[in-house]
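Reader: I am a first-year student, and I should be grateful for a close look at one helix of this protein. Please explain how it is placed among its surroundings, and then go on to the packing of the rest.

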Amino acid sequence: MDAVTWRQYGEGLEKRPRDLHERVQSGRYRAKPSQRIYIPKGDGRMRPIGIAAREDKILQHAASQVLGAIWEEDFANFSYGFRPGRSQHNALDALWVGITQHKVNWVLDADIRSFFDTRDHDWLMRFVEHRVGDPRLLRLLRKWLPAGVSEDGQWSRTSVGVPQGAVISPLLANIYLHYVLDLWVKWWRRHKARGEVIIVRYADDFVMGFQYRRDAEELLRALRERFAKFAVEIHQDKTRRIEFGRFALENRTKREAGRPETFDFLGFTHICARRRSDGGFTLWRRTIAQRMRAKLREIQKELMRRRHEPPPEQARWLRSVVQGYFNYHAVPDNSRAMNAFRALVNRLWLRALRRRSQKGNRRSWARMQHLIAAWIPPAQVLHPYPNQRLCVSHPR
């Protein structure tokens, strides 16, 4: 919105922050609207993103450091999104251990409809005021929330929601759901549940496991009522209660109901399986097929754009992309998907190299294998088993 780059802002680095600080302390600071852009989602829809102005980013980062230090002591242990020292893999580890080592027979795969776009500003400020009394910090939040967005040169005020992409937005999401969901689930599990209940939340995505079907049904019914009170809505089409866990395969076989359903969480499809060693229950995690196909389409498009670059330059870029993909997805029991991804990437690269010339000069596969061996990382497991890592990160 302000058309200022970091390099331009840095030219007056001694004066600009001092001037910004004086405007904040005196109340002369004014928040600018966010620039609205759209990025594609995995299901084909477009996700709105708000790009804040330079000074707004700086102030939001400072405010998130202060607020984060306050609430980090209060946040629940099963909340993993956008918190220091916690990552998606920590959440995946906790879910794996919860399902395999606790009495989980039913899973609630829940989704919140347009959470970032529908958060109620009044409730959010009431939650923040529960712990913060500094009027200057509260005044900053009241300036950012209704600042609005600019799209195609048209400004619109935001009466609800916080733009995705704002520096402080993830923390405000955690604060909102801490009071709306986390504290309530703790109370419900202690006073209403008849059996064991587990929950893992990453930002607005959460999965719950139950020992008894009745608990799962009653919690989902109570959760809808709870969310409605705070202007939050469960996505009906994406929220499912499925039979899943240690005895799901055996029970469904007796009823001739087929294999247990699967659910997706943080980029992985979770599958009920048996260990090859002793036939005991285990949980497989496979890369979501739709996401893998989307990633391969991105690589194919970029390779065709780079096809006239020298092969070493292509190789350096491709190696970083494949290694980054493996760094996230190369978990135990996912080797088959990783090998398939690597093989398809190699095929796309060969096709791009063969398209460099129209004279029919086709690169042989034997020659291509030397390039692949030299540049493309092997598909190997890069993460330990979840129970091993969880014992290290959470010894208790």
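**One helix and its surroundings**

Author: On the side of helix α9 that faces away from its buried residues, Glu225, Ala228 and Lys229 are exposed. Please keep in mind that this is a predicted model. The opposite face of α9 holds the buried residues Asp215, Ala216, Leu219, Leu220, Leu223 and Phe227. These buried residues lie on the same side of α9 because they cover an arc of only 130 degrees around the axis. A general rule helps to explain such a pattern: an α-helix has 3.6 residues a turn, so residues three or four places apart point the same way.

The length of the helix can be checked by simple arithmetic. Helix α9 runs over residues 213-229, and its 17 residues should span 24 Å at 1.5 Å a residue; the C-alpha atoms at its ends are 25 Å apart, which agrees.

What do the buried residues of α9 pack against? Their partners are the strands β3 (106-111), β7 (205-210) and β8 (240-243), together with helix α8 (169-191). Immediately after the helix comes Ala231, with a positive phi near 60 degrees. Ala231 is not a glycine, and its place is in the loop between α9 and β8. With a relative accessible area of 40%, Ala231 counts as partly exposed. Such a phi deserves a remark, since most residues other than glycine have a negative phi. Ala203 likewise has a positive phi near 60 degrees; it lies in the loop between β6 (197-202) and β7. Ala203 is buried, because its relative accessible area is 7%, and buried means under 20%.

Let us now follow the buried face of α9 into the interior. Phe227 is among the residues that touch the most other members of the largest nonpolar core, a set of 57 residues; the others named with it are Ile175, Tyr176, Phe206 and Met208. Helix α8 gives the most to this core, with twelve residues. In general, nonpolar side chains tend to be buried together in soluble globular proteins. One of the core residues, Ile175, can be examined in detail: leaving aside its neighbours within four places in sequence, Ile175 is in contact with Trp71, Phe75, Phe127 and Val128.

Trp71 in turn leads to a second helix, α3 (residues 54-71). Helix α3 has 18 residues and reaches 26 Å from its first C-alpha to its last, close to the 26 Å expected. Its buried residues include Arg54, Leu59, Leu67 and Trp71. The buried residues of α3 pack against α1 (6-10), α2 (16-26), α6 (121-129), α7 (135-144) and α8. Arg54 also has an aromatic partner, for its charged end sits over the ring of Trp6, 4.4 Å from the ring centre. A similar arrangement occurs where Arg86 lies over the face of Tyr80, at 4.8 Å from the ring centre.

The aromatic rings also meet one another. A cluster linked by ring pairs contains Phe115, Phe116, Trp123, Phe127, Tyr176, Tyr179 and Phe230. The structure holds twelve aromatic pairs. One of them joins Phe268 and Tyr328, which are stacked at 5.7 Å centre to centre with 20 degrees between the planes. This pair links distant parts of the chain, since Phe268 belongs to strand β10 (residues 268-274) and Tyr328 to helix α12 (residues 311-329), 60 residues apart. Phe268 has 0% relative accessibility and therefore counts as buried. Tyr325 and Phe341 form a stacked pair because their ring centres are 3.9 Å apart and their planes are at 10 degrees. Since Tyr325 lies in helix α12 and Phe341 in helix α13 (residues 335-354), the pair ties together parts that are 16 residues apart in sequence. Tyr325, at 7% relative accessibility, counts as buried; Phe341 is buried too, with a relative accessible area of 0%.

Finally, let us place these details within the whole. The protein chain contains 15 helices and eleven strands. Of its 396 residues, 48% are buried. Along its principal axes the C-alpha trace spans about 70 × 65 × 40 Å. Among contacts between residues at least 6 apart in sequence, 68% join residues at least 24 apart.

Note on methods. Residues are numbered from 1 along each chain as its sequence is written. This is a predicted model: local features need pLDDT of at least 70, side-chain atom pairs count only at pLDDT 80 or more; totals for chains, interfaces and linings use all residues. Side-chain values use heavy atoms; hydrogens and water are left out. Helices (H or I, at least four residues) and strands (E, at least two) are DSSP runs, numbered from the N terminus. The expected span of a helix is 1.5 Å times one less than its number of residues. Buried means under 20% relative accessible area, exposed over 50%, partly exposed in between (1.4 Å probe, protein chains only). The arc is that of the directions from the helix axis to the C-beta atoms. Contact means heavy atoms within 4.5 Å. Rings of Phe, Tyr and Trp (its six-membered ring) pair if their centres lie within 6.5 Å; planes under 30 degrees apart count as stacked, over 60 as edge-to-face and the rest as tilted. A charge sits over a ring if NZ of Lys or CZ of Arg is within 6 Å of the ring centre and within 35 degrees of the ring normal. A nonpolar core is a set of buried Ala, Val, Leu, Ile, Met, Phe, Trp, Tyr and Cys residues joined through side-chain atoms within 4.5 Å.
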